[in-house]
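This report goes through a single protein chain, from its overall make-up to selected side chains. The sequence and the coordinates come first.

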Amino acid sequence: MSAADVPIGGSAAKGAARARVPAAHWISWVALAMMTTSSVASLRAAPTMAVYGLACVFLYLLPAVVFLLPTSLVSAELASGWSGGVYNWVSEGLSKPLGFLAVWCQFAMTIFYYPSLLGFVASTLAYVFNPALASSGVWTAAVIIVVYWSGVWISSRGTAGVAGLASGGLIIGTLIPGVVLVVLGMVFLGQGNTSAAPMTADNLLPAWAGLSSLVLIVNNFLSYSGMEMNAVHVSSLRNPAKEFPRAMFLAMGLVLAIFILPALAISWIVPAEELSLTAGVMQAFDAVFANFGWQWLTPIVGIMLVTASLAGMLTWLAGPSKGLLLISRQEGYLPPFLQRLNKNGVQQNILVVQGIITTVIGLAYALIPDVSSAYWIFSVITTQVYLIMYLLMFLAAIQLRRKQPDHPRGYRAPMLVGLCGVGFAASLAALLVGFIPPSQFSSGSSGVYFAIVGAGALGLGLLVPYLFYRFRKPSWKQPDVAEGAEA
């Protein structure tokens, strides 16, 4: 148990908690900001926003204010007062069934997250072998299936130290390529080359062509998601009330820089009409390296980006499913088959079932003519499912402040009701807007798009957990079963 698992607040409780946390376990607010940045920032979303050119600044800032900030501060209060993560927060604030729905959505979003993440891996890897493969649905499907099952095999063996790959992946596959892309982009402009996207004040806001012109902003909510996981470290700060807001504002600045500057650099180099949502990062590197005669570096950068993505996948692969497993054993939400562990103590059956679904989704890349469209659809479904969890979290935070105002908390978010209101409204708006095809979506009809997103988001996010809950049996509870291996 980490320090974050100890609810603190009030002088007596705070003193007791402090006494149980060794001084060596304190972290600085700067360190927390770095941890948050490493878990949130990525280059993967840069092509999605680069199509907007200078307007991507606005499209990143808006969700940061209305979603990232409320999520960070609200989840910090919840984490500093209640251990057990989002399941316990929602269970205490609303009800246990809704707590199960929340933790289910936190797990289920990964079912669509991995195909979209590995779609990016496939297009990036194509530049190592043959750039023409980046637009091949068959190649993308093959990479998704092979890499995912390889990850399941590695995770099922209980390999130690996988989580440590995340920090290395940030440096190797995000910070270094990001800095190189931005610096070379600036040199590209400094040599007198014209920016592919206009960089004038008239382009600060996206052109309005109906709701569809703003739909890509939904993807930014997923870019900022996961803050509720970082909030568990709030109790490891010496002075949470002062230091946590500092950490979050510093992290926001760093995350925005990592998101915005590479997106701008891509927009300088690659015209929007030629930009691939999956291969856009590599398109920009290939173009800028060609300008300097350094195209031999393109495959190297591709390997660096793939390394970061694979490290992130392995780090995330077993985490959400492990949380779902523990809750399901306590309350009997999943059948015994899905609760079994292999000899290494890993929830292999859940990973295998998830892998079968991921395989089916991956095959859709081979069936949908436009790889970018498939990538976008799966990214939206991922966001929709995750947003259901955030809606429940904001409601639970208001209820807990109302029903348990004196419950000890290490950090109390300022204007909690207002923050929750803004975060809830923004999440709901993003969820609804996600059902509208973006203006860049060129394949298929709006009705087909709505049906696919609706079936994926509402079916997986609401119907499946309802069926598990509706048909659960008392015999499914296994609260006393050790987390060791099972036959």
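A residue is called buried when its relative accessible area is under 20%, exposed when it is over 50%, and partly exposed in between. By that cut-off, 55% of the 487 residues in the chain are buried. The model is a predicted one.

**Overall make-up**

The chain contains 19 helices and zero strands. Of the contacts between residues at least 6 apart in sequence, 82% join residues at least 24 apart. The exposed area of the chain is about 19200 Å², and 68% of that area is supplied by carbon and sulfur atoms.

**Aromatic rings**

Across the whole structure, 16 aromatic pairs are found. One of them joins Tyr60 and Phe259: the ring centres are 5.2 Å apart and the planes stand at 5°, so the pair is stacked. Because Tyr60 belongs to helix H4 (residues 56-81) and Phe259 to helix H11 (residues 240-269), the pair ties together parts 199 residues apart in sequence. Tyr60 has a relative accessibility of 0% and therefore counts as buried. Phe259, at 2%, also counts as buried.

Ring pairs also link a cluster made of Tyr87, Phe100, Trp104, Phe107, Tyr333, Phe468 and Tyr469. Tyr469 has a charged neighbour as well, since Arg472 lies over the face of its ring. Arg470 is placed over the face of Phe471. The distances are listed below.

| Charged residue | Ring residue | Distance to ring centre |
|---|---|---|
| Arg470 | Phe471 | 5.4 Å |
| Arg472 | Tyr469 | 3.8 Å |

**Glu77**

Helix H4 also holds Glu77. Is Glu77 buried or exposed? Its relative accessibility is 2%, so Glu77 counts as buried. Leaving aside residues up to four places away in sequence, Glu77 touches Trp82, Arg401, Arg409, Tyr411, Arg412, Ala413 and Leu416. Three arginines, Arg401, Arg409 and Arg412, are thus among the residues that Glu77 touches.

**A nonpolar surface patch**

Which residues make the nonpolar surface patch of about 370 Å²? The patch is formed by Ile171, Ile172, Leu175, Ile176 and Val180. Of these, Ile176 is located in helix H8 (residues 165-190). With a relative accessibility of 40%, Ile176 falls between the cut-offs of 20% and 50% and so counts as partly exposed.

Technical notes: Residues numbered from 1 in each chain as written. Predicted model: local features only at pLDDT ≥ 70, side-chain atom pairs only at ≥ 80, totals over all residues. Heavy atoms only, no water. Helix = DSSP H or I, 4+ residues; strand = E, 2+ residues; numbered from the N terminus. Buried < 20%, exposed > 50% of the residue type's maximum accessible area, 1.4 Å probe, protein only. Contact = heavy atoms within 4.5 Å. Areas by Shrake-Rupley, 256 points an atom, 1.4 Å probe, with all protein chains shown as cover. Phe/Tyr/Trp six-rings, centres within 6.5 Å; stacked < 30°, edge-to-face > 60°. Lys NZ or Arg CZ within 6 Å of the ring centre and 35° of its normal. Patch = residues over 30% accessible without salt bridge, like charges linked within 9 Å, V, L, I, M, F, W, Y side chains within 5 Å. Salt bridge = Lys/Arg side-chain N within 4 Å of Asp/Glu carboxyl O.
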